[in-house]
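Colleague: Please choose a single part of this model and examine it closely. I should like to see its setting first and then the part itself.

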Amino acid sequence: MRKLAFVSLLLLTFIITGCSGNASGTQEYPKKNIEFVAPASPGGGWDLTARSLEKVLTDEKLVKENINVVNKPGGGGEVGWKYLKSKDAHTLAVNSSLVLTNNLLGQSELTHKQFTPIATLATEWQALAVPADSKFKSATEFMEAIKKDPSKIKIGVGPGLGNDDHLSIVQAASEYDINPSKLNFLVYQGGGDVVTALLGGHVDAVTTSLSEVKDQHLAGKLRILAVSSDKPVEGLEDVPTWKEEGIDLVFPHWRGIMGPPDMTEAEIAYWDKKLSKMVETEQWKKVLENNDWEGFYKNSEETKKFMKEQHDLYQRLVQESGLVK
Amino acid sequence: MDISSFLDGLSIAVQPINILWIIVGGFLGTIVGMLPGLGPATAVAVLIPVTFGMNPVSAIILMAAIYYGAMYGGSRSSILLNTPGDGSAIAATFDGYPMAKKGQAGEALAISAVASFIGGLIAVVGFIFLAEPLANFALKFGPAEYFLLMLLTLSAIVALSIGKMVKGFLAMMVGLALSTVGIDTQTGVYRFTMDIPHLSEGIDFLIVIIGVYAIGEVLYNFLNIDKQKKEKKKVGKVWFTKEQWKRSKWPILRSGPLGFIIGVLPGAGGSIASMISYTSEKQISKRTEEFGEGAVEGLAAPESSNNAASVGAMIPLLTMGIPGSGTTAVMLGALIMLGLRPGPLLFEQQPETAWALINSMFIGNLALVIINIALVGLLVKILDTPAKVLYPIIVLLAFIGTYTLSYSVIDFFLLLIFGLFGLMMKVMDIPIAPLVLALIVGTDMEQNFRMAVLSSNGSLGVFFSSGVSIGLVILTVLSLCYPLIVKLAKRKKNMSEDEDQVYKSS
């Protein structure tokens, strides 16, 4: 027991001296270890984004300071972002459109304006898929059938209404002059459950991330009717975009990173420099490839503008969907 | 099955480095499975940064070994301390703990390791021959079928609490009520979250397990800590008797395939599998009255079942890219990071990877049964540990385990609340398992019911519309009525015997 106490004391001393060593001096930002907040449990999409960022930035020696990933799951990002709000510029958090929709759906007091936009990093695209033996051969046929009787067609979505999977179809319906609040959704617990439901024929169509259905489409187990990208996706040239189907819609499911309120211009410039270099590295490109993501880099200035546009779009979609009166 | 891919896979699995990962993973899994709150999902998640530098095949082998290793470990604390490490180890408390109390801790630990081993082997063989048809069978499960499967589980729980049916039912209702906390998936409405964002994802059933079992047990023992005698407890032998084996043999062989099939269904998992195995064994047993008092087959059956379920859960992951449980979901995320995408194309494009994993499960189960039997002698020493040392350690582990679930101190308050709740239930002699199991299946059960009714435009006929659903309805009715039928049959037999006697005596 005494030995254990001695070892812990020794460790404590190391930690204390280690910390003071980093914090001393008046060097420029960053002055100490950097923290990336993944507002989700380990293993989820946000966690993997944060850990990939940490790994590429460290391996490519772009950031010399230690980077730690911390998980703050809960409330669809709420817990993690609240935590970010209380920290200084050495803490950044991963985000996605939930940072906009949580507030628009009345689930959170936090708005995107309370944070400092740093960058938009990558995007996935949304897909509309039907069973392989479905009578719908194209997205227009599908929309036409919904127009006739929206209650007849069950659309699977997960894990909750108001997410990108849901809102991308809301936008498509609205462009096709269908009242989106009339659509008939079945809400599953997650993306995987949605695909199982489709394969088992328990729903007529699903809206989900492209990566959830890409392999199934290639294996001929289901059919993707349309993707939300601006141009056909590599490896899926047979699948048309919504635009090619005559519906004016490009819907990215983006991921980015943001900082606490009131970061200085120098601090923002630091990340613009580092992240613009990082997205050019081979290792980052490999990360994108493995995850079926597409490079979607926007620097802090562009991201600020992008967030404003996205906010206005989501505001309209959430209202049209009938989720908020 | 393709023999050459099978052999390719075998040759990858027996590479020394992969055997090392199997043993490391199995050992780690056993340890985290034993500790309350630290489950395989946490262990796999914590290892994600480590797997970054690894060969993807070794990574999946390691993660799978942790997963089924935890199934072996989960029951250790159920047997020794009456505190299950995970939902799928709850059924092991029913007879495992009474066995330990009777002085058969060693036998209980040994038989559960062997039962897990056999269940695992049955499932791996099933995997090799039946992966494809079973994956297709699982797709037949729509919302209606899932609802009925969960209803069957709950009816099994109620049927279990014979003698205290009302108390068991009460505990189940509390569990169902607790499961409604959080965002309602169908509508996005926040229910009973009291404006605490942390509660929006509901109450994690693991916190409730740790609270009512571990903390509750400690508090309960604290009440009568001075009354405990200082005598050395009997721990039994480290191997089971021939008689015990004879009683367990068939329950183990029956529960393996059952657990395997339930494991294949995405979302169902080990908790439901072990529960259904336990109840069905209890109902067909000739020694029903011994169940709950330390019947060896009551421990062996769920142990075989939950390990088979963990192998079955790999089928939807590998053949469809769909995670069937919390742990496989974390595994899927980690594998995608490594550039390995499980799904319908895996067996076509990288058959050697898939077969290497399947073969590693063979080796893994063999390694685990050896590890676990070797640990029996060490583990029974826990029972010799004085209460004043053991209980503080359990409390410490409970708090650590709770913190790793979502890194939040709010969970500590929940843990304490449920600890007191568990104490209250123990004092009032209310069974705990119905509460926890109802909480585990409650959310899915409700959502699936509503989805089923939504998709049939409000008609309840959807619950009788397929062969699977009708079968489940019949099973549910049977499991509820079986005890009554048995009673009636006995009474009739007694009556006719009485008549015989009357006849003879006259």
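Modeller: The radius of gyration of chain B is 23 Å, which agrees with the value near 23 Å that a compact globule of 506 residues would have; the radius is taken over C-alpha atoms, and the globule rule is 2.2 Å times the number of residues to the power 0.38. This is a predicted model, in which local features need pLDDT of at least 70 and side-chain atom pairs count only at pLDDT 80 or more, while totals for chains, interfaces and linings use all residues. Residues are numbered from 1 along each chain as its sequence is written, and chains are lettered from A and ligands numbered from 1 in the order in which they are written.

Along the principal axes, the C-alpha atoms of chain B fill a box of roughly 80 × 60 × 55 Å. Chain B has 20 helices and two strands; these are DSSP runs numbered from the N terminus, helices being H or I of at least four residues and strands E of at least two. Of the 506 residues of chain B, 58% count as buried, a term that requires 20 or more other C-beta atoms within 10 Å of the residue's own, with 12 or fewer for exposed, partly exposed in between, and C-beta atoms placed from the backbone. Contacts (C-beta atoms, placed from the backbone, within 7 Å) are often distant in sequence: among those in chain B between residues at least 6 apart, 80% join residues at least 24 apart.

The part chosen is helix α14 of chain B, residues 326-337. Its 12 residues reach 17 Å from the first C-alpha to the last, close to the 16 Å expected at 1.5 Å a residue; the expected span is 1.5 Å times one less than the number of residues. After α14(B) comes G339(B), with a positive phi near 85°.

α14(B) is mostly covered, with 11 of its 12 residues buried, among them T327(B), V330(B), M331(B), L335(B) and M337(B). These buried residues pack against elements of both chains: α2 (45-59) and α10 (282-291) of chain A, and α3 (40-51), α4 (56-81) and α13 (314-320) of chain B.

This leads to the contact between the chains, where 39 residues of chain B meet 39 residues of chain A. On the side of chain B that touches chain A, α3, α14 and α19 (433-455) each supply at least two residues, and α14(B) gives the most, with six. By class, that side has 23 nonpolar, 13 polar and three charged residues; Ala, Val, Leu, Ile, Met, Phe, Trp, Tyr, Cys and Pro count as nonpolar, Asp, Glu, Lys and Arg as charged, and the others, Gly among them, as polar.

The wider setting includes the largest nonpolar core, which has 248 residues; such a core is a set of buried Ala, Val, Leu, Ile, Met, Phe, Trp, Tyr and Cys residues joined through C-beta atoms within 7 Å. The residues with the most contacts inside this core include A129(A), V44(B), I61(B) and V436(B). Helix α6 (residues 105-139) of chain B provides the largest share of the core, 20 residues. Leaving aside residues up to four places away in sequence, I61(B) touches N18(B), W21(B), I22(B), A356(B), L357(B) and S360(B).

Key
Two residues are in contact if their C-beta atoms, placed from the backbone, lie within 7 Å.
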